[in-house]
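Work through the following exercises with the sequence and the structure open beside you, and try each task before you read its solution.

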Amino acid sequence: MRYAPGSLLTVDGLPAMEVASILALTDRLETMDPKAKSTLLSGRRVALLFYESSTRTRTSFELAAKSLGATTTLVSDKSSSIEKGESLKDTGLTLRALGAECIILRHNAGGAPMLLARMTGLPVLNAGDGMHQHPSQALLDLRTMIRRLGVATRGGPGEWLRGRTVVITGDIRHSRVARSNAMLLPRLGAKVILCGPEALLPEEARCLDVEISRDFDQALDGADVAMMLRIQRERLEGLEIDLNEYSARYQMNADRLAQGKPGLVVMHPGPMIRGLEITGDVADGPSSAIEEQVAHGLAVRAALLVRALGVSA
């Protein structure tokens, strides 16, 4: 199935050279004259369609669009005809009829962005769909790693993270962030270790090009990046999880950080629960790249919007 050029629906199959192109565009926009940058999308219309709550993703997409001169409109499931039962298709067609040229979609059902792109013919940027994908998060995570680890990006992108180990720990079962990173990072050379108890990290994850570990301390040995994930309490029904035991075995805290490789970078896509998957002193400490992730989100999403609307920069 072909979608409108500029759509970003999944990282699955996204060529490494396309990843490099998006990050290069991000770099160009970041160093561009602010006045010229503010007119790149002048007169263009971008719709944000959010069926789930969001702080970082929604705000960064919206601020990115406005910083480029675009007009934005936000439609949420709690204050629109969606509440009255309007379908995704009809909402998308309405936005297109109102002049939207690009739709940013967050939806609680996996595959919804593909459906919307097919029904509207518009470029769609997936801002997270169910437990499926979060491609823009994977790209901003990649840019954060490149900057924090001082990775040279002059060679082929397939070698960028060669020799680097990324440990992803937490509620991987329900995480679209983990899935997107696990698909993207090995194609750029990284060794990816998924870590957690079986309830949150099923054996089926072995189908990805990753390693699985149940021992966080062992997984951290020699790792360059520790990406912590939120424990999604709202999705734990039916799962046997003792949160105190989980914290004892998998929490990123000062002791584990001290035992890790010098320069270990700690990441978290947010929202984070301090005291559960990560302690506050680590989240606020010098090893943490959490705020940098947010800043890179704004930069990468600006590039995705320029790419989606087919503007040269």
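## Exercise 1: Two cysteines

In this predicted model, C195 is buried, with a relative accessible area of 0%.

Task: Find out how many disulfides the whole structure holds, and explain why C207 is not bonded to C195.

Solution. Begin with the bond itself.
A disulfide is a covalent bond between the sulfur atoms of two cysteines.
A search of the whole structure turns up zero disulfides, and for C195, which is in no disulfide, the nearest cysteine sulfur is that of C207, 18 Å away.
Next, apply the cut-off: a pair of cysteine sulfur atoms counts as a disulfide when they are within 2.5 Å, and because the sulfur of C207 lies 18 Å from its closest cysteine sulfur, in C195, that is too far for a bond.
Finally, consider the surroundings of each residue: C207 is exposed, with a relative accessible area of 68%, whereas C195 is buried at 0%.

## Exercise 2: The surroundings of C195

Task: Say in which strand C195 is placed, and which residues it touches when those up to four places away in sequence are not counted.

Solution. First locate C195, which is found in strand β6, residues 191–195.
Then list its contacts beyond four places in sequence, which are V167, I168, T169, G170, I172, L201, S213, R214, D215, F216, A219 and Y250.
As a last step, take G170 from this list: although 25 residues apart along the chain, G170 and C195 have C-alpha atoms separated by 6.9 Å.

## Exercise 3: Strand β8 and its partners

Task: Determine which residues of β8 point one way and which the other way, and which way β8 runs relative to β5, parallel or antiparallel.

Solution. Start with a rule about strands.
In a regular strand the side chains alternate between the two faces of the sheet.
In β8, residues 225–228, V225 and M227 point one way while A226 and M228 point the other way, and all of them are buried.
Now turn to the neighbouring strands: β5 (residues 165–169) is joined to β8 by four bridges and the two run parallel, with V166 standing opposite V225.
β8 also runs parallel to β9 (residues 265–267), to which three bridges join it, and there V266 is the bridge partner of A226.

## Exercise 4: Two helices

Task: Decide how α1 and α6 are oriented to each other, roughly parallel or roughly perpendicular.

Solution. Helix α1 (residues 16–31) and helix α6 (residues 135–149) pack at an angle of about 70 degrees, with their axes 11 Å apart.
Angles of 65 to 115 degrees count as roughly perpendicular, and α1 and α6 are therefore roughly perpendicular to each other.
The contact involves V19, I22, L23, T26, D27 and E30 of α1, together with L139, L142, R143, I146 and R147 of α6, and these residues divide into six nonpolar, one polar and four charged.

Methods. Residues numbered from 1 in each chain as written. Predicted model: local features only at pLDDT ≥ 70, side-chain atom pairs only at ≥ 80, totals over all residues. Heavy atoms only, no water. Buried < 20%, exposed > 50% of the residue type's maximum accessible area, 1.4 Å probe, protein only. Axes fitted to C-alpha atoms, helices over the stretch in contact; angles between N-to-C directions. Parallel < 35°, antiparallel > 145°, perpendicular 65-115°, else oblique. Contact = heavy atoms within 4.5 Å. Nonpolar A, V, L, I, M, F, W, Y, C, P; charged D, E, K, R; others polar. Pairing = 2+ DSSP bridges.
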